[in-house]
Amino acid sequence: MIKIRHGVERLLEWGGIRRQIVCLVLAGLSLIVSLLDWSPLPFDAAWAAILLCGVPILLEALVGLITAFDIKADVLVSIALIASVVIGEDFAAGEVAFIMQLGALLEDVTVARARAGIEKLVRLTPQTARRLSGGTEEIVPAEQVRVGDRLRVLPGETIPVDGVILAGQTAVNQAVMTGESLPVDKGEGDEVSSGTVNQFGSFDMEATRVGEDSSIQRMIRLVQSADAGKARIVGIADRWATWIVVIALSAAALTWLVTGQIIRAVTILVVFCPCALVLATPTAVMAAIGNATRHGFLVREGDALERLASVTRIAFDKTGTLTCGTPKVAAVASVLSAYPRETLFAYAAGAESRSEHPLGKAVVASFRDGRGEEPPAAEEFAMLPGRGVRARVAGREILAGSRALLEDQGVLSPGGDPAVGAVLSGAEAYRKKGCTVVCLAVDGKPAGYLALSDTLRPEAAAMIERVRGMGVSPVLLTGDNESAAGYIAGQLSITEVHADCRPEEKLAWIRRSQEEKRPVCMIGDGVNDAPALKTAHVGIAMGGVGSDIAVEAADIALVNDEVKEIPHLLYLSRRMMTTIQCNLTFSMALNFAAILLAMTGVLNPVVGALVHNAGSVLVILHSSLLLKWRKREKRRRHTKERPDAPPL
């Protein structure tokens, strides 16, 4: 039912836009016929524009006044329309209605979007569970699971409810909840969350939180509440509508009383119609959106750039946003002279060549990238879920996995062996840098280790520096562990770091910051970032590596994941606001000048309509300058003087 309802809403939304376009085309043609004073009809062709474009304005103004006494720009437009029709100035009435509907169409186009994120979150919810009862296994609907039930989860299955592992070893992909790039090894006594994926070994668990209390259901509620509570920016013309109506009516009434000429009063109402004022914002927004699109951004909310111009903090997720999200071997260490680093790396890659674990695949990929050759073949391969692998490579028995694996096999037993101490101390040093360590043993002896780390995006450091130079504070907000977060933050000179954050903790931090009047832009890529992306003043999702749910939750999607373009988007949003302010100032000045001319009788309704129509055209032309705007960056002098210099 949710899917059908959203589909109907989307159809009506886009159907309404198409209907507006058709009405505007017909209205425009009728105005041209009226202006040329050619019509085969017994009435002025401008009436087509009045009916097609003016009637919706009249109805909306009437509904707003009756239901909430809400005075918007539509009220003044309605007064001008009625007054123009009463004195027989049909063209002026039709032209005003046409311009106002054109502005409304531009606004509708900028805010049109599909809201499917919550649907996709719902689809992540497991539908069934394997319940163990009396020594038998039965598959039941997930909603029938109760606290205390014993469940079995097989490799590749999604964990149906929150619980604790009772028996078994495995590795769980927790990216949905934490955004961590690598699976987490789990064993007896460890907690697991609904919606996460069991990747390798099977295990039995006891359900502790079910139904609406489960992690994935809490995530859905967070996204829904964040979406409902997000304020929308009100159009500038509507914010000023009350004062505009008072000024226009007062000026028209005063002119009528002093001169006794109602046509001058009507001309004032026509020229003071906020057509240029209404177009000032949507035209600039449309042009800025076009510019952003050329630089890889898909702006999904019409007022997103307006909000972006006011942010003072940018909160970055780590994995997949500042980093590439794919681990690589950062270091190979050997503690036995008989096995040089290259040999040890080849043994490890060979042992992992038949592994399905992401760490094993990363080891093999790094070996291939650095050498352009395949690792040696593995024999007698055995996968040890939650621990690592065992295999025979080049006649040697290789163990590759966690510290717990080598301890279980008696390789890291205490006894004063210097190799054991070298492996443990070296591995611990790399763990403090946020690396994942794979310990290695050859023929039952500790031989060394591999350190794997997520790779920083090459353009991330320069991007952070430019963001800071704009007066915006970068913050690292990640579900990854403190060591990994601190290491990445150190490389990027980010001083504010919040690690080990679950979705609700990210949400709480953003809300606190915004309550302190420090608007936050959140940039993330994972399902776990969706509530934060919804709640933030502006949410930007990585469109390439990011999940569909993150993209749907965000206001803006960075399609090509080029984070170097983020400063341009910030500059563009500020430039757009400057353009809007110039448009507003110009349109108001033009209106007041036109009022003075109308009071003195220089302008009649038709000429007045053309004058303020010309103002609307100038506003559109000024806004169009944003289409190709880009802030000029100072280039280094030596690159100009020596264009043939080799790259650094």
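Tyr339 and Tyr347 are both buried in this predicted model, and they make a good place to start looking around. The two rings form an aromatic pair with 6.1 Å between their centres and 65° between their planes. A pair of aromatic rings is described by exactly these two quantities, the distance of the centres and the angle of the planes. Planes over 60 degrees apart count as edge-to-face, so the Tyr339 and Tyr347 pair falls in that class. If you search the whole structure, you will find three aromatic pairs.

Another ring to visit belongs to Tyr430. Over this ring sits the charged end of Lys433, 5.2 Å from the ring centre.

Now step back to the whole protein. Its secondary structure comprises 25 helices and 22 strands. Of the 648 residues, 50% are buried. Taking contacts between residues at least 6 apart in sequence, 69% link residues at least 24 apart. On the outside, the protein exposes about 29,400 Å², and 58% of that area comes from carbon and sulfur atoms.

How far does the predictor's confidence reach? The mean pLDDT is 78, with 79% of the residues at 70 or more. Residues 110-122 have pLDDT below 50, and this stretch has 45 contacts in the model beyond near neighbours in sequence. Residues 635-648 also stay under 50, and here the model has two contacts beyond four places in sequence. Where pLDDT is low, the predicted coordinates should not be read in detail, so please keep that in mind as you explore.

Notes:
Residues are numbered from 1 along each chain as its sequence is written. This is a predicted model: local features need pLDDT of at least 70, side-chain atom pairs count only at pLDDT 80 or more; totals for chains, interfaces and linings use all residues. Side-chain values use heavy atoms; hydrogens and water are left out. Rings of Phe, Tyr and Trp (its six-membered ring) pair if their centres lie within 6.5 Å; planes under 30 degrees apart count as stacked, over 60 as edge-to-face and the rest as tilted. Buried means under 20% relative accessible area, exposed over 50%, partly exposed in between (1.4 Å probe, protein chains only). A charge sits over a ring if NZ of Lys or CZ of Arg is within 6 Å of the ring centre and within 35 degrees of the ring normal. Helices (H or I, at least four residues) and strands (E, at least two) are DSSP runs, numbered from the N terminus. Contact means heavy atoms within 4.5 Å. Accessible areas come from the Shrake-Rupley method with a 1.4 Å probe; for residues, only the protein chains shown count as cover. pLDDT is the predictor's confidence in each residue, from 0 to 100.
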